[in-house]
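Subject: Structure handover and side-chain findings

Dear colleague,

I am passing on the structure we spoke about, and below it you will find my notes on what turned up when I went through the side chains. Please read them with the coordinates open beside you.

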Amino acid sequence: MKLQAVKGTQDILPERQPAWRAVVSAAERVLGGAGAGKISTPVFEASEVFEKSVGDSADLVVQKEMYTFEDRGGRRLTLRPEFTAGVMRAFIEHGMHTLPHPVKLWSEGPLFRAENPQRGRFRQFHQVNYEAVGNDSPLADAEAIELLYRTLAECGLTRHRVKLGSVGDPSDRLAYNAYLRRELEGVADRLSPVSRERLRLNPLRVLDSKDERDQAVIAHLDRPLDRLAGPAREHLERVAGYLGDWEVPFDLDPAIVRGLDYYCRTAFEVHYHGIGAQSALGGGGRYDGLIELLGGPPLPATGWAVGIERVLDALEQEATTPTPAARPDLFVVPLDDAAVAEAADVATRLRRAGLRVEFAYQRRNPGKGLKEADRSGARHAALRGADERGRGAWQLKDLTTGQQAEVTTEGLRDALGAAAAPR
Ligand code: HAM
């Protein structure tokens, strides 16, 4: 049997790492610049942390497709399907509510959801996540959306679109769910099985369905936005107002429904056309009740997450020039057996001095050695045989210009230091 990565997981190979790092460091610049501190939480938590955050219904827990298991001590643990609940658990545990509000926290790392894999949808995927706790004003929502938009722009994207909506206050949601039940219960037999189940558990999520049968049934219904009561409507208008002032382009989306159930009022997504059906690069919103639900003080909060894999997919669509892989400054070629250890030695010392250096692990003839140096992408090659050893020197060849000069071992650092690309 051939060993392979588990379905829905993937390896991030060296050539993909620079783009990956660029996305995370863009986030760090933008979010750090707005006063967010980085927080890393464990990859697994007590299952309760996530179960509480999705509500009491066991069916909804299953619906969230969590990887839950029992450890040897019989504890129920879950691989985190998102950051928010774990970050809020840490926020409460470390008494962070005493910090000046809003407390802004960002994170990055792997998440796990047992979903059906397809383009842009994996079982292990990665997010950059942002949370701002302790402020209930539309300003905190607008700030979060601006940061989301600019994080993606800073990654190099130009064609991402913000969709802004509102899921209303809990009372709006109750009223809207009652409206959906009234409208849909009579025609439930025309809905897909998944939507029939959702109609029973959380009718709002029926609007999430991409199924054509469902779309036909729900097309004429009022959207949550059409039925917002005054306070939630006013909140949304103010968020939109700030975004307008700051020239963050967005579309109002009356149908926006978020997959997770803890949201209230502001809800938003960022989409990108051209990366397949899973076109949401990120999403988030306000979740004022969650911290209290997890046993903390009643603090309002807002936040979002972007999927790193989808951002990279979108970046490839924009045909931005990918960051070229870093090239070695030097490739060291031993021309006889005695030079093998000398090559490794000089490489090690130059690396300690901050240069990027590779070497051949065996004696090479000059032709083969230079070919190998070329393949490594190095800017220079240093070669040594018996003659050079006698003089305590190396033949240093510039692989771009072909120029060659003899340089002493001690002189290599300076000769290369001048030529090495700034890092
Ligand atoms: P979410 O909408 O579930 O929100 O996920 C955010 C983003 O993560 C999605 O837009 C997508 O780019 C990416 N994503 C989600 N699932 C997958 C998957 N299976 N494969 C690849 N990418 C995926 C949340 O996670 C909320 N916790 C965001 C939030 C933070 N709300 C408030 N604060």
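A polar contact, as the term is used here, is a pair of N or O atoms within 3.5 Å, and within protein one of the two must be able to donate a hydrogen and the other to accept it. Please also keep in mind throughout that this is a predicted model.

With that definition in hand, aspartate 288 is a convenient place to begin. The side chains of aspartate 288 and arginine 286 are joined by a polar contact of 2.8 Å, and the aspartate 288 side chain also reaches the backbone nitrogen of alanine 301, at 3.2 Å. Aspartate 288 sits in the loop between strand S10 (280-286) and helix H10 (290-293), and because its relative accessibility is 24%, above the 20% under which a residue counts as buried, it is classed as partly exposed. Once neighbours within four places in sequence are left aside, the residues in contact with aspartate 288 are Cys264, Leu299, Pro300 and Ala301. For a sense of distance, aspartate 288 and arginine 121 are 167 residues apart in sequence and 28 Å apart in space, C-alpha to C-alpha.

One of those contacts leads on to the cysteines. Cysteine 264 counts as buried at 8% relative accessibility, and cysteine 155 is likewise buried, with a relative accessible area of 16%. The structure holds 0 disulfides.

Next, the charged side chains. How many salt bridges does the count come to? The count comes to 27, and I describe a few of them here. Arginine 75 and aspartate 71 meet through their side chains in a salt bridge with an N to O distance of 2.9 Å; arginine 75 counts as exposed at 52% relative accessibility, whereas aspartate 71, at 21%, counts as partly exposed.

Another salt bridge links glutamate 342 and arginine 384, whose closest N and O atoms are 3.1 Å apart. Glutamate 342 belongs to helix H12 (residues 337-352) and arginine 384 to strand S14 (residues 380-384), so this pair ties together parts that are 42 residues apart in sequence. In terms of accessibility, glutamate 342 is partly exposed at 22%, while arginine 384 is buried at 6%.

Helix H12 also holds arginine 349 and aspartate 345, which lie 4 residues apart, about one turn of the helix. Their side chains meet in a salt bridge at 3.0 Å, N to O, and aspartate 345 is partly exposed, with a relative accessible area of 37%. Salt bridges that share partners also join Asp336, Glu342, Arg384 and Arg389 into one network.

Arginine 80 deserves a separate paragraph. Which side chain of opposite charge is nearest to arginine 80? That side chain is glutamate 45, 6.7 Å away, and arginine 80 is buried yet has no salt bridge; because a salt bridge requires the nitrogen and the carboxyl oxygen to be within 4 Å, this pair does not qualify. A polar atom of the arginine 80 side chain does, however, lie 2.8 Å from the backbone oxygen of proline 110. Arginine 80 is placed in the loop between strand S4 (76-79) and helix H4 (84-93), and its contacts, leaving aside neighbours within four places in sequence, include Phe44, Phe50, Pro110 and Phe112.

Last come the aromatic rings, of which the structure holds 5 pairs. In one of these, the rings of tyrosine 176 and tyrosine 179 have their centres 5.6 Å apart and their planes at 40°, so the pair is tilted. Both tyrosines lie in helix H6 (residues 170-184), 3 residues apart, about one turn of the helix, and both are buried. For tyrosine 176 the relative accessible area is 3%, and its contacts beyond four places in sequence are Leu204, Leu207, Asp222, Arg223, Pro224 and Arg227. Tyrosine 176 and tyrosine 272, by comparison, are 96 residues apart in sequence and 29 Å apart in space, C-alpha to C-alpha.

With best regards

How values were computed: Residues are numbered from 1 along each chain as its sequence is written. This is a predicted model: local features need pLDDT of at least 70, side-chain atom pairs count only at pLDDT 80 or more; totals for chains, interfaces and linings use all residues. Side-chain values use heavy atoms; hydrogens and water are left out. Helices (H or I, at least four residues) and strands (E, at least two) are DSSP runs, numbered from the N terminus. Buried means under 20% relative accessible area, exposed over 50%, partly exposed in between (1.4 Å probe, protein chains only). Lys and Arg count as positive and Asp and Glu as negative; His and the chain ends are not counted. Contact means heavy atoms within 4.5 Å. A disulfide is a pair of cysteine sulfur atoms within 2.5 Å. Rings of Phe, Tyr and Trp (its six-membered ring) pair if their centres lie within 6.5 Å; planes under 30 degrees apart count as stacked, over 60 as edge-to-face and the rest as tilted.
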